[in-house]
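User: I should like to go through the assignments made for this structure and ask what each of them rests on.

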Amino acid sequence: RASSIRSNDPRPTALLKQLEKLERENAMFNKYMQDAEAKIKTELYEDALLLLNQAKDIKPKRTEPQVRIDEINGLISKKSAAMSEQAQYEQMMASASNAESKKIYAEAIRYYKKASEIKKEDPKALKKVEELEAKVKQSQEENKNRRKLEDQFNALMKSAEEAFLSSEYQKAVSLYGQAKALVPDNAVAKGKYDEAVRMTKLDSNKAMEEQYKKIIALGDENY
């Protein structure tokens with residue numbers, strides 16, 4: 001009788017089916033999780049998310065899939081931020097290089113500094129800042145010296161012109177000569193110098209002629 005009851009009892013069959021279903025679900029769940037981990041290792045995050053969501057659908061109460069989903073979303077955000085950061089860095093470096101090629105050094109330095117801020121302490125950007133700041137300093141020093149030279153040249157030319165207009169030709173020659181020595185390729189200084197020399201000779205000849213006339217006149221008086 002007991003045997004007859006057991007043979008007619010549907011519960012063992014139902015339990016067996018439940019166990020088989022559970023085993024299939026466990027196998028599929030584990031496979032999805034393992035495949036997802038393999039995708040994560042190769043940074044195929046979108047594929048990994050798909051697999052983890054499939055695992056989550058199979059066993060909604062299991063927390064592992066959601067934990068990994070959250071972790072992957074964090075990795076994707078970091079990767080996206082890193083890519084955005086790299087794009088910004090490359091843009092700043094390109095703008096800096098363009099400004100440098102046009103010799104707009106202050107602008108180039110500003111872009112290189114921004115690049116070094118985006119990519120913290122980037123040695124390439126920092127080296128360019130150092131190089132360009134040295135160039136700017138050298139250029140400023142050269143401009144300072146050039147302005148000093150121009151001031152000296154203009155002062156000599158002014159004094160020489162005043163001397164020339166006052167018929168102080170010898171003084172003018174000296175001053176024009178000094179100006180010509182400061183800026184040898186200045187055509188104006190050379191021309192003025194040559195004119196002053198010519199006038200000095202004429203003035204000298206005129207003085208000699210006057211002296212000669214005085215001698216003749218003195219001789220005539222004595223005769």
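**Assignments and their grounds**

User: To begin with Glu71, what makes its pairing with Arg68 a salt bridge?

Analyst: This is a predicted model, and the values that follow are computed from it. The closest N and O atoms of Glu71 and Arg68 are 2.2 Å apart. The cut-off is 4 Å between a side-chain nitrogen of Lys or Arg and a carboxyl oxygen of Asp or Glu, so the pair qualifies as a salt bridge. Both residues lie in helix α4 (residues 64–101), three residues apart, which is about one turn of the helix. Glu71 and Arg68 also belong, with Glu37, to a network of salt bridges.

User: Why are Glu71 and Arg68 called partly exposed?

Analyst: Partly exposed covers the range between the buried limit, under 20% relative accessible area, and the exposed limit, over 50%. Glu71 has a relative accessible area of 38% and Arg68 one of 22%. Both values fall between the two limits, and therefore both residues are partly exposed.

User: What makes Lys192 and Glu161 a salt bridge, and which parts of the chain does the pair tie together?

Analyst: The N to O distance is 3.3 Å, and because the cut-off is 4 Å, the contact counts as a salt bridge. Lys192 lies in helix α8 (residues 187–222) and Glu161 in helix α6, so the pair ties together parts that are 31 residues apart in sequence. With relative accessible areas of 32% for Lys192 and 26% for Glu161, both residues are partly exposed.

User: How is the pair Glu195 and Arg198 placed in helix α8, and on what distance does its salt bridge rest?

Analyst: The two residues are three residues apart in helix α8, and so they are separated by about one helical turn. Their closest N and O atoms are 2.7 Å apart, which is within 4 Å, and therefore the pair is a salt bridge. Glu195, at 30%, and Arg198, at 42%, are each partly exposed. A search of the whole structure finds 12 salt bridges.

User: Why does Asp122 have no salt bridge, and what does its side chain contact instead?

Analyst: The nearest side chain of opposite charge, Lys119, is 4.8 Å away; the cut-off is 4 Å, so no salt bridge is assigned to Asp122. Asp122 is nevertheless buried, and its place is in the loop between α5 (105–118) and α6 (123–165). A polar contact of 2.7 Å joins the side chains of Asp122 and Tyr89; the limit for such a contact is 3.5 Å, so the distance satisfies it. Leaving aside neighbours within four places in sequence, Asp122 is in contact with Tyr89 and Ser116.

User: How do you know that the span of helix α7 is close to the expected one, and which of its residues are buried?

Analyst: Helix α7 (residues 169–182) has 14 residues and reaches 20 Å from its first C-alpha to its last. At 1.5 Å a residue, the expected value is 20 Å, to which the span is close. Its buried residues are Tyr169, Ala172, Val173, Leu175, Tyr176 and Ala179.

User: What is the secondary structure of the chain, and how much of the chain is buried?

Analyst: The chain comes to eight helices and zero strands. Of its 223 residues, 23% are buried. The accessible surface is about 16,500 Å², of which 54% belongs to carbon and sulfur atoms.

Conventions. Residues are numbered from 1 along each chain as its sequence is written. This is a predicted model: local features need pLDDT of at least 70, side-chain atom pairs count only at pLDDT 80 or more; totals for chains, interfaces and linings use all residues. Side-chain values use heavy atoms; hydrogens and water are left out. Helices (H or I, at least four residues) and strands (E, at least two) are DSSP runs, numbered from the N terminus. Buried means under 20% relative accessible area, exposed over 50%, partly exposed in between (1.4 Å probe, protein chains only). Lys and Arg count as positive and Asp and Glu as negative; His and the chain ends are not counted. A polar contact is a pair of N or O atoms within 3.5 Å; within protein, one must be able to donate a hydrogen and the other to accept it, and residues adjacent in sequence count only if both atoms are side-chain atoms. Contact means heavy atoms within 4.5 Å. The expected span of a helix is 1.5 Å times one less than its number of residues. Accessible areas come from the Shrake-Rupley method with a 1.4 Å probe; for residues, only the protein chains shown count as cover.
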